[in-house]
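Here are my notes on this one, written as numbered points so you can check them against the coordinates. Have the viewer open while you read.

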Amino acid sequence: MAKHRKERDSWGEWSLSDKNVYDWSSEEEEPDGRARPVQVLLVKDDHTFELDEAALSRILLAEEVRDRQVVAISVAGAFRKGKSFLMDFMLRYMYKQASDGWLGDSEEPLTGFSWRGGSERETTGIQIWSEVFLVDKPDGRKVAVLLMDTQGTFDSQSTLRDSATVFALSTMISSMQVYNISQNVQEDDLQHLQLFTEYGRLAMEETFLKPFQSMIFLVRDWSFPYEFPYGQEGGMKFLEKRLKISENQHEELQNVRKHIHSCFTNISCFLMPHPGLKVATNPHFDGRIKEIDGDFLNNLKVLVPWLLSPRSIDVKEINGSEITCRGLLEYFKAYIKIYQGEELPHPKSMLQATAEANNLAAVAAARDLYNKKMEEVCGGDRPFLAPSELQARHSAIREEALQVFRGVKKMGGEEFSRRYLQQLEGEIDEVFVQYIKHNDSKNIFHAARTPATLFVVIFVMYVAAGITGFVGVDIIASLCNMILGLALITLCTWAYIRYSGEYRELGAVIDQVAGALWDQGSTNEALYKLYNVAANHRHLYHHAFPGPQVEEEAEEEDKKRD
C-alpha cells in the first residue's frame, strides 16, 4: 500500500503540503496511477549503495519506451540549493510544453519531486520521475525523456565517497548534467567537479572520446548582473572567464580547467537571479508563483525551454553509440556494481589527503636519518662491529629517528599519526635485520665458520678412526671413516657452491648444520638441531644426489610388494 505523507517539501523548498504525497517502493504498485518520484539508488546507513532494479525496470522497460532512444537529464550540486525546486518547474514544462502558460496558475502550489525549505537535506540517493516523457525531435524521431533528481553533496550525514558516487553516477547516466551552484562559480566548485568526474571516469571503460556529454553550470542567486547579465549569454561570458587557462596561472589551476574541458562534449552556463525574500524566509511557502520574484520567473521561462525544448535535448551516448531505455538499465546496473565493490579507490577529503602526505613525509625523513646514521656505524666498508655494540647503537639511533618523527608538525592529530609511527617502527626493525646480516658478513670468523667446523670434524674423525683401529674396534673406526668421508665431501660441495653460486639452498643447509655444531654447547642440542635441519631440507639432498633417491624409492616399493 502507498503511504500518505503530509510534509513540507526543497529550496524556498515546499511541496504538496496540503496534498497527498506517496512513497512508492519497488514492491508496491502506484496506488492511483499518478506519476511520482521513484527512489532507484538507495544510500544505506552503513554508506553502501543499493540499486532498486525492480523499480528502475518498471520505468525503463515500459512497453512504449523500452526500445526508444533515451534523453536523461539530471540536476546535481550541493544540498539545500534548490535542485528539487527547479526539477518541479521542469516537470510542469514537460506536462504543458504545448502551452505558453506552462508555469501554471499563480495560486497553484508546486508539486512533483519532494522539496522543502530549511537547512536539513531532503533528497537522498537518486530519484527518477516515474513517467517517461515522449518528445518529437525536429528530425522526426520520438525520444524518451527521463528526469533525475539527486542527493545534494556535502550534507552532514554523507561521506565524501557518498557524494562522489552519487554525483559521478548521475553524470555517467545522464546526457545533460545540470550543476546547480549558489551565487558564484568558485574554485572549490571546480575542484569538486574535477574530483567527481574523475571518480566517474575511473568506473568507465577507456575511450578516446570525451566520457560525458553536456554540463550546464546553473548559477543561482546571481548578484552581479551589472557585470554579466542574467541568462545564457551572460552565463557563457562569465564561464569563459572562469574556465580560461592562462600562462601565469598556477599549474594546479590549469589542470583543473583542462580536466573539465577534457570530460564534457558541451559546457554551458546560465545565470539566475534570486527568487525573492518570500521564498527564502517564509516557512509556509509552497511554491505559488505569485510569491516568487518577477525577475526569477522571467528567467525561468527562458531557462527551462532552453534545457528541455525538442531542439535542445540530446540522446544519451556511450562511446559514440546512442542508448535506448533498455540499454540504459543495463549500464545503470553495471556502473552500480563497480561502486558497490572495492575496485575503485575511495576519494579522500583535502584534510585527510594532506594529513596522509604530511605523515608519510615525516616517516620518510625519520627513516632516512636512521639509514644515514646506521651506514656510518656499520655500512659499506666500515669494519665489523660487535653484536652487542651494534644493538646498542641501533637502539640509540632508532630512538633518535622516532623523535624526529614526533617533532614534525603533523596534520590529523595524535591518533591519526599513531599508525604512521607504528609503520616507521616496523620499517626500522626490518632494516636493522639487514644491517645485522651485513655486519656478520664482515666477521672473518663468521665467514670461515663452516669450513673451520668441517675441518675440525674431519680432524677429530681422523684421529678417532686411527685410535679405534689401533685398539681393534673396527666397527667404530669404520663409522668414523664414513663420517670423515661425508665431511670431506660436504666441504668440497660447500667450496663449489661458494665458487659457482649454484645450489645456494644446499649451501644454506650446510651453513646451518655447521652453525649448529659451532653454536651448541650441548651434544644433544646439536644433534636435535641437525635432525631438524635434515628433516626440513631433505628434498635438497634428493635434488643434489638423485641416484640414491631412486634406489631408496625402489627398495621401499619392493618392501611393500613383499
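**Notes on the salt bridges, cores and surface**

1. Let's start with a charged residue: K373 is partly exposed, with a relative accessible area of 28%. Keep in mind that this is a predicted model. The side chain of K373 meets that of E400 in a salt bridge, 2.8 Å from N to O. K373 belongs to helix α10 (residues 350-378) and E400 to helix α11 (residues 387-407), so the pair links distant parts of the chain, 27 residues apart. E400 is partly exposed too, at 33% relative accessibility.

2. Helix α11 also has a salt bridge between E389 and R393, at 3.8 Å, N to O. The two residues sit four apart in that helix, which means about one helical turn separates them. E389 comes out as partly exposed at 36%, and R393 gets that label at 38%.

3. Next, a bridge elsewhere in the chain. K96 and E108 pair through their side chains at 3.9 Å, N to O. Which parts does this pair tie together? K96 is in helix α2 (residues 83-96), while E108 is in the loop between α2 and β6 (126-129), so the bridge ties together parts 12 residues apart in sequence. With relative accessible areas of 33% for K96 and 27% for E108, each counts as partly exposed. R92 comes in as well: salt bridges with shared partners join R92, K96 and E108 into one network. Over the whole structure, the search gives 16 salt bridges.

4. How many disulfides are there? The search of the whole structure finds zero. Two cysteines to look at anyway are C269, buried with a relative accessible area of 0%, and C378, which counts as buried at 0% relative accessibility.

5. On to the nonpolar interior. The largest nonpolar core has 57 residues, and F217 and F332 touch the most other members. Helix α3 (residues 160-173) gives this core its largest share, eight residues. Apart from it lies another core, of 40 residues, including M90, V145, I216 and I289.

6. F217 deserves a click. Which residues does F217 contact, leaving aside neighbours within four places in sequence? They are Y179, I181, V185, L190, L193, L239, I267, S268, C269 and F270. C269 in that list is the buried cysteine from point 4.

7. For the surface, have a look at the nonpolar patch made by V456, F459, V460, Y462, V463, I467, F470, V471, V473, I475 and I476, which together have about 1,200 Å² of accessible area. The elements giving two or more residues to the patch are α14 (449-470) and α15 (474-500). Of these, α14 brings the largest share, with seven residues. F470 is found in α14, and F470 counts as exposed because its relative accessibility is 76%, where the cut-off is over 50%.

8. L421 is a contrasting case. It is in helix α12 (residues 413-440) and is buried, with a relative accessible area of 17%. That value falls under the 20% cut-off, so the label is buried. Not counting residues up to four places away in sequence, L421 touches L402, F405 and R406. L421 and L360 are 61 residues apart in sequence, and their C-alpha atoms are 9.7 Å apart in space.

9. If you check backbone torsions, try two residues with positive phi that are not glycine. Q183 has phi near 75 degrees and lies in the loop between β9 (176-182) and α4 (187-203). D221 has phi near 55 degrees and is placed in the loop between β10 (212-220) and α5 (232-242). Buried or partly exposed? Q183 is partly exposed, with a relative accessible area of 46%, whereas D221 is buried at 11%.

10. Finally, the overall numbers. The secondary structure comes to 19 helices and 13 strands. Of the 562 residues in the chain, 44% are buried. The accessible surface is about 29,800 Å², with 53% of it belonging to carbon and sulfur atoms.

Definitions and conventions:
Residues numbered from 1 in each chain as written. Predicted model: local features only at pLDDT ≥ 70, side-chain atom pairs only at ≥ 80, totals over all residues. Heavy atoms only, no water. Patch = residues over 30% accessible without salt bridge, like charges linked within 9 Å, V, L, I, M, F, W, Y side chains within 5 Å. Areas by Shrake-Rupley, 256 points an atom, 1.4 Å probe, with all protein chains shown as cover. Salt bridge = Lys/Arg side-chain N within 4 Å of Asp/Glu carboxyl O. Buried < 20%, exposed > 50% of the residue type's maximum accessible area, 1.4 Å probe, protein only. Core = buried A, V, L, I, M, F, W, Y, C linked by side-chain atoms within 4.5 Å. Contact = heavy atoms within 4.5 Å. Disulfide = S-S within 2.5 Å.
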